[in-house]
Amino acid sequence: MADTITLLIEPLPADADVSRLEATFHEVDETAPALRVGELSTQRGDGIFETIGVVDGHAQETRPHLDRLRNSARICELPEPNLPQWEAAIARAVAALPPTGEFALKLVLSRGVEHGPAPTAWLHATRAADFGAARERGIRVVTLDRGYARGTAERAPWLLMGAKTLSYAVNMAALREAKRRGADDAIFLTSDGYVMEGPTSSVILRHGDVWSTPAPSGAILHGTTQLSLFEHLATTGRDTEYRDIPVHDLLTADAAWLVSSVRLAAGVVELDGSPMPYDAEETRELNAYLLSPRD
Ligand code: PLP
């Protein structure tokens, strides 16, 4: 069984009711050319994506990811995705992957090629990197100014801040800056000093018994992993809250994590060069939950 699968998808309108959805996508060789040079996704980053974790043959949180894909499409004024079609493509990909191990399954919906065909879509799944060290021993993090004040998303919706667009060059630059500063990852702050998110993750803090995360305003992505963890924490009797989090609260947290769909929960062991309290056992519990089958 191959460790990777790529499907090219002919995106259906959201309301299309097609009995044989499998006929609307086909497998391609990932090493062969598949996109036109006029693709707006590659030329302008004009498209949206999702990355879903697959654990032992189960695609985690498929529906929340597809709901977010639909929300990103709305923000970017892309045609609304046909969710049953994406579900069928995900099922086909997961069935083709080995039944054990962790994989990253990426969905892309692009504005397509200028003057058509548009939009274009594909799915690409590969074996996930080994995140054992980050999950077990934690990560060093630096805070970085995102350059926008609180409220920017409302004042300037064309910045598409709450959408998961393909334009990740800034996020990748932030990771490079973190590495330059001797860290593994970053937490973006608003220019007026509020916690936002990581370049590819959500931020969760614990102060005493209360777990918090920045309110999912239009300025950050609402993380599926954070949402799922908060449901788990609530059902196991822990207090959770969404709120505006000034940077000071990051410094005084009893624990902090960056959470995302494939790396899962990585505890922060160092913040801007200073040690952060870190509980390996607590982090292990979070990751055991995140590795269990979740819908
Ligand atoms: N915020 C940003 C900017 C991200 O890119 C991601 C994931 O890639 C997340 C948050 C976490 O989202 P999720 O938990 O759905 O992976």
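Analyst: A polar contact is a pair of N or O atoms within 3.5 Å, and with that cut-off in hand we can read the ligand site of this predicted model.

User: Which side-chain atoms of Glu 197 should I look at, and how far are they from a nitrogen atom of the ligand?

Analyst: Look for an N or O atom in the side chain of Glu 197, which lies 2.9 Å from a nitrogen atom of the ligand. A polar side-chain atom of Arg 68 is likewise placed 2.9 Å from a ligand oxygen atom, while at Ser 201 a polar backbone atom is 3.4 Å from a nitrogen atom of the ligand. The ligand taken alone exposes 390 Å², of which the protein buries 94%.

User: What makes up the shell around the ligand, by class and by element?

Analyst: By class, the shell holds 10 polar, 4 nonpolar and 3 charged residues. Among the elements, helix 2 (62-75), helix 7 (224-235) and strand 12 (255-260) each give at least two shell residues. Of the 17 residues around the ligand, those that come nearest are Lys 164, Tyr 168, Thr 224, Thr 225 and Ser 261, and the space taken by the ligand is the largest pocket.

User: Why is the pair of Trp 211 and Trp 257 called stacked?

Analyst: Planes under 30 degrees apart count as stacked. The ring planes of Trp 211 and Trp 257 stand at 10°, with centres 5.1 Å apart, so this pair is stacked. The pair links distant parts of the chain, Trp 211 in strand 10 (residues 210-214) and Trp 257 in strand 12, which are 46 residues apart.

Definitions and conventions
Residues are numbered from 1 along each chain as its sequence is written. This is a predicted model: local features need pLDDT of at least 70, side-chain atom pairs count only at pLDDT 80 or more; totals for chains, interfaces and linings use all residues. Side-chain values use heavy atoms; hydrogens and water are left out. A residue is near a molecule or strand if one of its heavy atoms lies within 4 Å of it. A polar contact is a pair of N or O atoms within 3.5 Å; within protein, one must be able to donate a hydrogen and the other to accept it, and residues adjacent in sequence count only if both atoms are side-chain atoms. Accessible areas come from the Shrake-Rupley method with a 1.4 Å probe; for residues, only the protein chains shown count as cover. On a 1 Å grid over the protein atoms alone, a cavity is a set of points where a 1.4 Å probe fits but cannot get out, and a pocket is an open set with protein on both sides within 12 Å along at least five of seven lines; lining residues have an atom within 4 Å of a point. A molecule sits in a cavity or pocket if more than half of its atoms lie within 2 Å of its grid points. Helices (H or I, at least four residues) and strands (E, at least two) are DSSP runs, numbered from the N terminus. Ala, Val, Leu, Ile, Met, Phe, Trp, Tyr, Cys and Pro count as nonpolar, Asp, Glu, Lys and Arg as charged, and the others, Gly among them, as polar. Rings of Phe, Tyr and Trp (its six-membered ring) pair if their centres lie within 6.5 Å; planes under 30 degrees apart count as stacked, over 60 as edge-to-face and the rest as tilted.
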